[in-house]
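User: I'd love a close look at one part of this model, and a walk outward from there. Could you take me through the ligand site?

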Amino acid sequence: PQISGSVALFSVSSYACQRRTTLDNHNSNLTDALSLLAENAELNNEDGRGVAFRRAAALLKALPTQVISMSQLRGLPCLGEHSLRVIKDVLENGVSSEVESTKQSKRYKALKILTGIFGVGAKTADRWIRAGIYNLEQLRHSGQTLNRAQKAGLEHYDDLNEPVTKAEADAIGEIVQKAVDSVLTGSQVALSGGFRRGKLTGHDVDFLITHPEEGKEVGLMPKVVAWLESQGFLLYQKTTRNSYLESKDGPARPASNMDRFERCFSIFKLTKGKEQETASHKIWRAVRVDLVVSPISQFAFAVLGWTGSKLFERELRRWAGHEKNMSLSSHALFDNTQNKYLRATSEEEIFAYLGLEYIPPSERNA
Ligand code: DGT
Ligand code: MG
């Protein structure tokens, strides 16, 4: 029990995948500041800085109580000099001057607006800013060529920047299940991403699709997409073949059956209710949906890899590589010491191979 006036000292593991991080964050004043600086670093292609701020924020999210004094942070991992400076500023002044000046900066504002367009990343936004484009109005009149994704992103800008609710995610889940049932009986749909971790809102809805009989999932994605399209559920879709073989994150030795993953980036047309549509009253809204098809043999890895959070995933891979001499991806776990793949049919088995205590999805909100 804490004696009044004393300062609690925390003991926290250094990898986010060793910690239980629920959505109950006692330090959002600090993590909001660090997350904004992480986002700004990522928007400026400073990935190293971005990860450092993300790690610091994740550590604070895992603390059981609110931090009120710098002395409570003594001995904690993941807090670099820069992050500590930001934390100190917030604790002493209520806000971080660096965060405030970032928020006010013309460049940050423009990067936020432009990367808020589906299909626009930091590099494209930077190129546009250098051409004097800072907002959507200027972009529309700039004569810049937009690709199909960016055109759809601009058209549905407001809808896509409105958080998706759990109820909307569930409604889309029913549609995806219906699509999958219609094209291949026995197929399974699993909600992944932030909603699987218990988040109440998200920027998109992520689904994994598989079939209990290995190989049956081959060719499933185009059929699902064709069904959704025929029913008028898609405003945009782009299906890509599995990029696993080229991916930097994948294990060094890909197995031969690993070119089957397919991913569909889509924009759903979700009908809101039973109201009547009029010229001024739109009864549907656009929602970003990601569909991924996985063979059953890789499904546990896919579920683990697509549940997130992004930092939790990154830390799992770092743990696997640095502490276990293993390579983890959304497809497989390779043991570099034994020189073999480790098979798994559940997330629990994968944590066990990695020598980690099992962390359920609701506690992966690092
Ligand atoms: P949000 O923003 O509410 O949608 O939050 P999340 O956590 O659902 O984030 P999201 O949808 O960007 O990604 C969900 C998880 O999927 C993320 O933790 C990592 C994984 N993921 C996202 N993109 C890729 C990818 O290109 N390849 C692989 N292997 N995994 C990915
Ligand atoms: Mg998501």
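Which residue has a backbone N or O atom 2.8 Å from an oxygen atom of ligand 1?

Analyst: Happy to help! The residue is Gly194, through one of its backbone N or O atoms. Before we go on, a few ground rules. Residues are numbered from 1 along each chain as its sequence is written, while chains are lettered from A and ligands numbered from 1 in the order in which they are written. The model is a predicted one, where local features need pLDDT of at least 70, side-chain atom pairs count only at pLDDT 80 or more and totals for chains, interfaces and linings use all residues, and side-chain values use heavy atoms, with hydrogens and water left out.

Back to the site. Ligand 1 is surrounded by 16 residues (each with a heavy atom within 4 Å of it). Gly194, His203, Asp204, Arg263 and Lys310 are the closest. The side chain of Asp204 has an N or O atom 2.7 Å from an oxygen atom of the ligand. On the side chain of Ser330, an N or O atom is 3.1 Å from a nitrogen atom of ligand 1. Alone, the ligand has 610 Å² of accessible area (Shrake-Rupley method, 1.4 Å probe), and the protein covers 73% of that. Three helices, α11 (193–196), α13 (299–307) and α14 (310–324), each supply at least two residues of the shell. Helices here are DSSP runs of H or I with at least four residues, strands are E runs of at least two, and both are numbered from the N terminus.

Now to the interior. The largest nonpolar core has 38 residues, and those with the most contacts inside it are Leu34, Leu60, Leu63, Leu73, Leu76, Ile117 and Trp128. Such a core is a set of buried Ala, Val, Leu, Ile, Met, Phe, Trp, Tyr and Cys residues joined through side-chain atoms within 4.5 Å. Buried means under 20% relative accessible area, exposed over 50% and partly exposed in between, using a 1.4 Å probe and protein chains only. At least two core residues come from each of α1, α2 (47–61), α3 (81–93), α5, α6 and α7 (136–140), and α1 gives the most, with seven. Another core, of 26 residues, lies apart from it, and includes Ile172, Leu234, Leu270 and Leu291.

Helix α5 (106–115) has Tyr108, Ala110, Leu111 and Leu114 buried. Those buried residues line one face of α5, because they fall within an arc of 165° seen down its axis, going by directions from the axis to the C-beta atoms. They pack against α1 (28–43), α4 (97–104) and α6 (122–130).

Two polar residues round off the tour. Gln237 sits in strand β5 (234–241) and is buried, at 17% relative accessible area. The side chain of Gln237 makes a polar contact with that of Thr239 (2.9 Å). A polar contact is a pair of N or O atoms within 3.5 Å; within protein one must be able to donate a hydrogen and the other to accept it, and residues adjacent in sequence count only if both atoms are side-chain atoms. By contrast, Gln276 belongs to the loop between β6 (262–271) and β7 (284–293) and is exposed, with 64% relative accessibility. Beyond its neighbours within four places in sequence, Gln276 is in contact (heavy atoms within 4.5 Å) with His281 and Ile283.
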